[in-house]
Amino acid sequence: MNGIVRLALAVCCAAILWAGLGGYGQFAPSAALAAQQYQAPQIPPPTMTMLAEGVYHYFGFFSSSLVVISDGQVLTTDPSNPSRAQSLQEEIAKLTDAPVTTIVLTHEHYDHVGGTGVFPDASVVCHRNCQPAFDLAPLGDVPTVDETFDDFMEIRVGDKVVELHYLGPGDGEATTIIYMPNEQIVVTSDMYEPRALTHKNWVDDKHFTGTRHILNIIGQWDITHAINAHSPGTDPVDLMENVEYYNDLYDAVYEAMLDAVAEGGLFAVFGVYGSLPQTLELEKYQDWTNYDTSFPRHVERMFQSISHGD
Ligand SMILES: [Zn+2]
């Protein structure tokens with residue numbers, strides 16, 4: 001194992017562990033401080049929960065994968081890194097002798113896409129926006145993508161139907177929503193967490209108006225289970241509460257921007273950018289994890305997203 005790959009594994013594992021600390025962690029040490037101060041949390045044993053016949057939710061290393069097994073074919077998602085992928089493979093082997101035949105990557109972020117090499121028989125599928133990020137490959141551990149799609153792709157896994165939807169950028173540029181219409185199971189990644197704000201350190205390339213747009217669309221779908229990236233629960237209520245959160249945040253920020261323009265003209269909107277993160281509160285969400293540390297950055301990020309389009 002060369003140095004680059006070792007570094008990639010260490011960083012990917014650290015990202016996964018960090019993500020598991022309740023809403024992407026509570027703090028953000030510099031790399032040097034992290035090396036001195038970071039204490040890895042206890043990793044609970046992985047779980048494999050059956051959601052429907054032949055459909056499972058693997059949760060391990062603080063991260064989710066969908067597993068679909070039918071007629072000698074196996075689809076899974078986001079192996080994340082080689083050691084987690086090994087654990088995922090071991091848990092799948094308890095259910096079937098069939099090899100993993102398809103891996104869907106939910107988006108381009110490096111803490112989700114490593115470890116595909118553990119499944120040599122699998123075809124790797126990722127939205128077409130993945131490749132430009134993989135070409136940057138600063139850590140050297142990115143997958144070879146076998147198949148891409150633009151707006152929609154249907155995959156058959158035996159008698160199971162797995163749909164891939166691209167509804168625009170959300171978390172990153174290649175945000176893929178996975179939906180199994182017959183089982184009414186949706187899989188999203190890094191779009192929301194149950195009663196938690198995405199930590200402020202991880203919102204820079206999270207498109208807030210895009211996330212709101214996507215959550216509002218899938219909130220209309222028939223859903224029995226909603227898998228999200230970094231929590232073990234699959235209750236659709238968690239998704240619906242976040243639809244409400246992103247709508248409330250959008251409404252509050254947009255209204256303040258309109259008020260400023262009405263009172264002081266177009267350029268007055270920049271005063272809102274400076275002041276609103278310190279003054280706006282959404283009481284309804286004050287008990288959510290990360291509200292205290294990250295809500296001001298959410299206000300700022302929503303302002304940027306509304307005013308700048310990203
Ligand atoms: Zn992400």
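These legends accompany close-up views of one predicted model.

**View 1. The whole protein chain.** Residues are numbered from 1 along each chain as its sequence is written. Because the model is predicted, local features need pLDDT of at least 70, side-chain atom pairs count only at pLDDT 80 or more, and totals for chains, interfaces and linings use all residues. The chain has nine helices and twelve strands. These are DSSP runs, numbered from the N terminus: helices are H or I, at least four residues, and strands are E, at least two. Of the 310 residues, 43% count as buried. A buried residue has 20 or more other C-beta atoms, placed from the backbone, within 10 Å of its own.

**View 2. The sheet of strands 8 to 12.** This open sheet has five strands in the order 8-9-10-11-12, with mixed pairing. Two strands pair if DSSP finds at least two bridges between them. Strand 8 (152-157) and strand 12 (225-227) each have a single partner strand, so one side of each lacks a neighbour in the sheet. From one strand to the next, the twist averages 20 degrees.

**View 3. Strands 8 and 9.** Strand 9 covers residues 160-165 and runs antiparallel to strand 8. Six bridges join the two. Val-157 stands opposite Lys-160 in strand 9.

**View 4. Helix 9.** Helix 9 spans residues 291-308, 18 in number. From first C-alpha to last, helix 9 reaches 24 Å, close to the expected 26 Å. The expected span is 1.5 Å times one less than the number of residues. Its buried residues include Phe-295, His-298 and Phe-303. After helix 9 comes Gly-309, with a positive phi near 80 degrees.

Notes:
Buried ≥ 20, exposed ≤ 12 C-beta atoms within 10 Å, placed from the backbone. Axes fitted to C-alpha atoms, helices over the stretch in contact; angles between N-to-C directions.
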